[in-house]
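Welcome! Let us take a friendly tour of the charged pairs and the nonpolar interior of this protein. Please have a look at the model first.

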Amino acid sequence: MDNRKLAFIGLEADTTSACLSMLKIMNGRSSVEWMQADPDEADVLMLANDGDTSQWRDSNKPCIVIYHNNETKPAAPYTLSHPFRVMQLISVLDDISRTLGDDSGTDSTRSPASRSQSRPHGAPSTQTDFSESLFQAVTSKEARTLYQSESPQGSLFVSPAAGAYFIQEPLFNEVRQKTASLSALKPANDTDLSAYIRRPIAELAWMTAQLASTLPEWLPKDGSFRLKRWPNVRSAKSDRAYLSMSALMTKQPCRREQLAAHAGCAQQQVDRFLSACAMSNLLVCEAGSAAPARTAMPDEPRRRGSFIQGLRHRLGLSS
């Protein structure tokens with residue numbers, strides 16, 4: 001297990017104490033063991049969202065900006081809305097760990113897509129390549145039936161035509177625990193998949209989308225989104241925020257800010273939901289603004305009263 005250091009700058013005492021308690025809970029649940037350190041020695045900085053910590057954001061270290069849920073989300077690669085849960089902290093720190101691991105690797109260990117295109121600091125390049133390739137595979141009209149992704153724990157195969165992916169137990173455990181490193185999907189030859197477990201492709205899209213920290217580059221940040229139908233994913237059905245967003249997006253197109261306010265969740269959770277729906281080929285992006293809520297016309301009460309009066313007359317109830 002790797003060891004990394006985390007520093008707290010400008011946070012209130014109770015927030016720092018809560019984070020330290022979460023770090024203890026994380027031991028054994030994450031592939032990295034985190035410990036507190038001074039800012040100069042730390043690998044990652046956790047900052048308060050105020051002017052006193054702005055100087056630290058320009059450092060070459062990944063920064064997690066903590067902001068209160070009644071504040072506007074800061075423009076930073078990694079953010080957490082206070083109060084947050086331990087699983088949210090695990091997710092962000094795992095994202096950063098993968099990024100630090102990618103930055104320390106040599107060019108020979110990186111995928112061709114990540115070597116040919118530079119990405120902004122803080123973007124998990126390997127995961128982005130896989131997510132984009134999965135999106136292209138499920139939305140493509142080509143007749144190809146099988147794609148392959150490789151990782152240190154083995155390969156997985158994706159068949160968009162069958163609506164399924166094929167995976168073995170060791171790699172499935174890593175994907176489920178959000179610790180897998182997957183290469184971009186490539187066309188695969190016919191393969192004997194009898195030793196692989198067949199699972200629904202929507203599940204793969206959902207689990208891998210949870211690794212993202214921001215909206216993917218291939219989805220417009222200022223777009224309006226709606227759903228073709230409800231996501232058929234168990235984890236979506238068990239989360240109130242996902243249920244709320246699904247219900248609203250099946251009625252009308254919505255912007256990201258509308259979804260966050262409607263569901264009462266962080267923007268990061270909205271972006272992961274949109275990414276998962278897009279990779280499941282359920283998302284429709286519309287250029288126009290979201291449809292406004294229906295309001296009564298000025299003469300609607302009068303028409304309703306005339307209807308009731310006519311009904312009473314037919315029934316012989318009018319005077």
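A residue is called buried when its relative accessible area is under 20%, exposed when it is over 50%, and partly exposed in between. Because that limit is 20%, Arg256, at 10% relative accessibility, counts as buried. Please keep in mind that this is a predicted model.

**Salt bridges**

How many salt bridges does the structure hold? There are two, and here they are with their N to O distances:

| Salt bridge | Distance (N to O) |
|---|---|
| Arg199 and Glu203 | 2.5 Å |
| Arg256 and Asp271 | 2.9 Å |

The bridge between Arg256 and Asp271 ties together distant parts of the chain: Arg256 belongs to helix 10 (residues 256-263) and Asp271 to helix 11 (residues 267-279), 15 residues apart. Is Asp271 buried or exposed? Its relative accessibility is 2%, so Asp271 counts as buried, and its partner Arg256 is buried as well, at 10%. In the other pair, Arg199 is partly exposed, with a relative accessible area of 26%.

**Nonpolar cores**

Now to the interior. The largest nonpolar core comprises 45 residues, and Leu134, Val158, Leu274 and Leu283 have the most contacts inside it. Helix 11 is the top contributor to this core, giving seven residues.

Leu274 deserves a second look. Setting aside neighbours within four places in sequence, Leu274 touches Leu215, Leu219, Phe225, Met249, Leu259 and Leu283, and also Arg256, the residue that forms a salt bridge with Asp271.

Apart from the largest core lies another one, of 24 residues, including Leu6, Leu11, Met22 and Val32.

Technical notes. Residues are numbered from 1 along each chain as its sequence is written. This is a predicted model: local features need pLDDT of at least 70, side-chain atom pairs count only at pLDDT 80 or more; totals for chains, interfaces and linings use all residues. Side-chain values use heavy atoms; hydrogens and water are left out. A salt bridge is a side-chain nitrogen of Lys or Arg within 4 Å of a carboxyl oxygen of Asp or Glu. Buried means under 20% relative accessible area, exposed over 50%, partly exposed in between (1.4 Å probe, protein chains only). Helices (H or I, at least four residues) and strands (E, at least two) are DSSP runs, numbered from the N terminus. A nonpolar core is a set of buried Ala, Val, Leu, Ile, Met, Phe, Trp, Tyr and Cys residues joined through side-chain atoms within 4.5 Å. Contact means heavy atoms within 4.5 Å.
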